[in-house]
Amino acid sequence: YVKARGKDGYRFHSKTMRRTTTHRLRMERDLRLAMEREEFQVHYQPQVCAKTHRMIGVEALVRWQHPTLGLLYPVDFLPLAEETGLIAKLSEKVLSHACKEVGGWIAAGHPDLRLAVNLSPSQVEHPRFVEILTDRIKANGFPKENLEIEITENVIMKDLEQISSKFRDLASSGIRIAIDDFGTGYSSLNYLHRLPIHTLKVDQSFVKAIRSGDEGACIVNAIVAMAHGLKLEIVAEGVETGEQLSYLKQLGCQQVQGFFYGPAQPASEINKILDSKDRRLAYPCMN
Ligand code: C2E
Ligand code: MG
Ligand code: MG
Ligand code: MG
């Protein structure tokens, strides 16, 4: 499928191209250069309270402004960054950038604004992960209570013992922990009440199933009911339609994220929302 388009309108089929060695080598070289040339950008997707339409926080999502291929999305370069070990440096840049930018918004009159950042498996698996993360946050003067890190289930299940101690350290420092893409990984429900987790993010594939007659929607019911029982917060990802939004609200799932309210956007667009009354988002007409 077409993921990005160069300036010249040249179409870039990421899946096919990623397989070719020359392309791989070129992307690897470009990725290294991109670090020095500051070609990475951080976009922010609003996390919204469906009841009030208020922006609760933002999720930082990395983009790469490639000199010839145009704006690239994580699917085009994160796997390569992970394989080549460049992910650590990239993540550090994203985190610092987001901490500075969102930290500025928090200080400028939005003390309750939340920043959600995605962490890659190799970051979390690093033995000094907690120390590295908290040092970076401190260096950028970001309030820990406003940070929520997003981790997938697979990372947790790989080494439950190590993860438990890391999560306990994080939680006691005030940092919030969210399970991303919940329900799609290899997991055991057993860890949910044993680890200091704050939020479950319902994967978008389950939200997509909210359509009349699709049995897949009952998975959303089950996840929301479980989250309520365990007193976890819940964020639904990939909410695109008014129908999905009403369904989720009816279940008692208030926090949502998705194209219905808007995609990840540059900081300048988020600034407009911050300036609006009660940080309320304009939303498409529901019928
Ligand atoms: P994720 O954390 O699950 O992020 C949600 C993805 O769904 C984002 O894709 C977002 O743009 C997209 N999305 C949001 N709303 C909708 C919607 O209504 N419909 C549809 N179809 N999609 C929607 P994106 O930005 O391409 O990121 C993909 C993945 O890459 C993320 O999944 C996350 O796992 C990873 N990622 C992104 N930025 C970073 C980063 O800075 N560091 C790390 N380690 N991973 C990142
Ligand atoms: Mg995420
Ligand atoms: Mg997700
Ligand atoms: Mg994901």
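A strand, in these notes, is a DSSP run of at least two residues marked E, numbered from the N terminus.

**Entry 1: Lys-201**

I started with Lys-201, which sits in strand E9, residues 199-202. I should say right away that I'm looking at a predicted model. Is Lys-201 buried or exposed? I looked up its relative accessible area and got 0%. Buried means under 20%, so Lys-201 counts as buried.

Next I listed what Lys-201 touches, skipping residues up to four places away in sequence. Among them are Gln-47, Ala-178, Ile-179, Phe-182, Val-235 and Gln-257. The list also includes Glu-59, Glu-150, Asp-180, Asp-181 and Glu-237. I kept those five names in mind for the metal entries below. I also checked a distance: Lys-201 and Val-224 are 23 residues apart in sequence, and their C-alpha atoms are 9.9 Å apart in space.

**Entry 2: the magnesium ion, ligand 2**

Which residues hold the magnesium ion (ligand 2) as protein donors? I found Glu-59 (OE), Asn-118 (OD1), Glu-150 (OE) and Asp-180 (OD), at 2.0 to 2.3 Å from the ion. Glu-59, Glu-150 and Asp-180 were also on my contact list for Lys-201.

I wrote down the spacing of these donor residues in sequence as E-x58-N-x31-E-x29-D. Then I looked at where two of them sit. Asn-118 is in strand E6 (residues 114-118) and Glu-150 is in strand E7 (residues 147-152), so this pair ties together parts that are 32 residues apart in sequence.

I checked how covered the two are. Asn-118 comes out at 31% relative accessibility, so I put it down as partly exposed. Glu-150 has 1%, so it goes down as buried.

**Entry 3: the magnesium ion, ligand 3**

For the magnesium ion (ligand 3), I got the donors Asp-180 (OD), Asp-181 (OD) and Glu-237, with Glu-237 listed twice through OE. They lie 2.0 to 2.4 Å from the ion. The sequence spacing here reads D-D-x55-E.

Where do Asp-181 and Glu-237 sit? Asp-181 is in strand E8 (residues 176-182), while Glu-237 is in the loop between strand E10 (233-236) and helix H11 (242-251). They are 56 residues apart, and the pair links distant parts of the chain. With a relative accessible area of 26%, Asp-181 is partly exposed. Glu-237 has 9%, so I noted it as buried.

Which residue coordinates both magnesium ions? I went back over the donors and found Asp-180 for ligand 2 and ligand 3. The two ions are 4.3 Å apart.

**Entry 4: positive phi angles**

I looked at phi next, because most residues other than glycine have a negative value. Lys-231 goes the other way, with phi near 55°. I found Lys-231 in the loop between helix H10 (217-229) and E10. Its relative accessible area is 75%, so I wrote it down as exposed.

Asp-278 also has a positive phi, near 55°. This residue lies in the segment after helix H12 (267-275). At 37% relative accessible area, Asp-278 is partly exposed.

**Entry 5: Asn-140**

Asn-140 is in the loop between helix H6 (129-139) and E7. Buried or exposed? I got 17% relative accessibility; the cut-off for buried is under 20%, so Asn-140 counts as buried. Setting aside neighbours within four places in sequence, I found Asn-140 in contact with Ser-96, Cys-99 and Lys-100.

**Entry 6: the whole chain**

Last, I zoomed out. I noted twelve helices and eleven strands in the chain. The radius of gyration is 19 Å, close to the 19 Å the globule rule gives for 287 residues, so the chain is as compact as a globular protein of that length. Its C-alpha atoms fill a box of roughly 50 × 45 × 40 Å along the principal axes.

How much of the chain is buried? I got 48% of the 287 residues. I also looked at contacts between residues at least 6 apart in sequence, and 67% of these join residues at least 24 apart. The accessible surface comes to about 14000 Å², with 53% of that belonging to carbon and sulfur atoms. For charges, I noted 37 positive and 35 negative, and their mean positions are 3 Å apart.

Conventions. Residues numbered from 1 in each chain as written. Chains lettered and ligands numbered in written order. Predicted model: local features only at pLDDT ≥ 70, side-chain atom pairs only at ≥ 80, totals over all residues. Heavy atoms only, no water. Donors = N, O, S within 2.8 Å, 3.2 Å for Na, K, Ca; no water. Helix = DSSP H or I, 4+ residues; strand = E, 2+ residues; numbered from the N terminus. Buried < 20%, exposed > 50% of the residue type's maximum accessible area, 1.4 Å probe, protein only. Rg over C-alpha atoms; globule rule 2.2 N^0.38 Å. Contact = heavy atoms within 4.5 Å. Areas by Shrake-Rupley, 256 points an atom, 1.4 Å probe, with all protein chains shown as cover. Lys, Arg positive; Asp, Glu negative; His and termini not counted. Charge placed at Lys NZ, Arg CZ, Asp CG, Glu CD.
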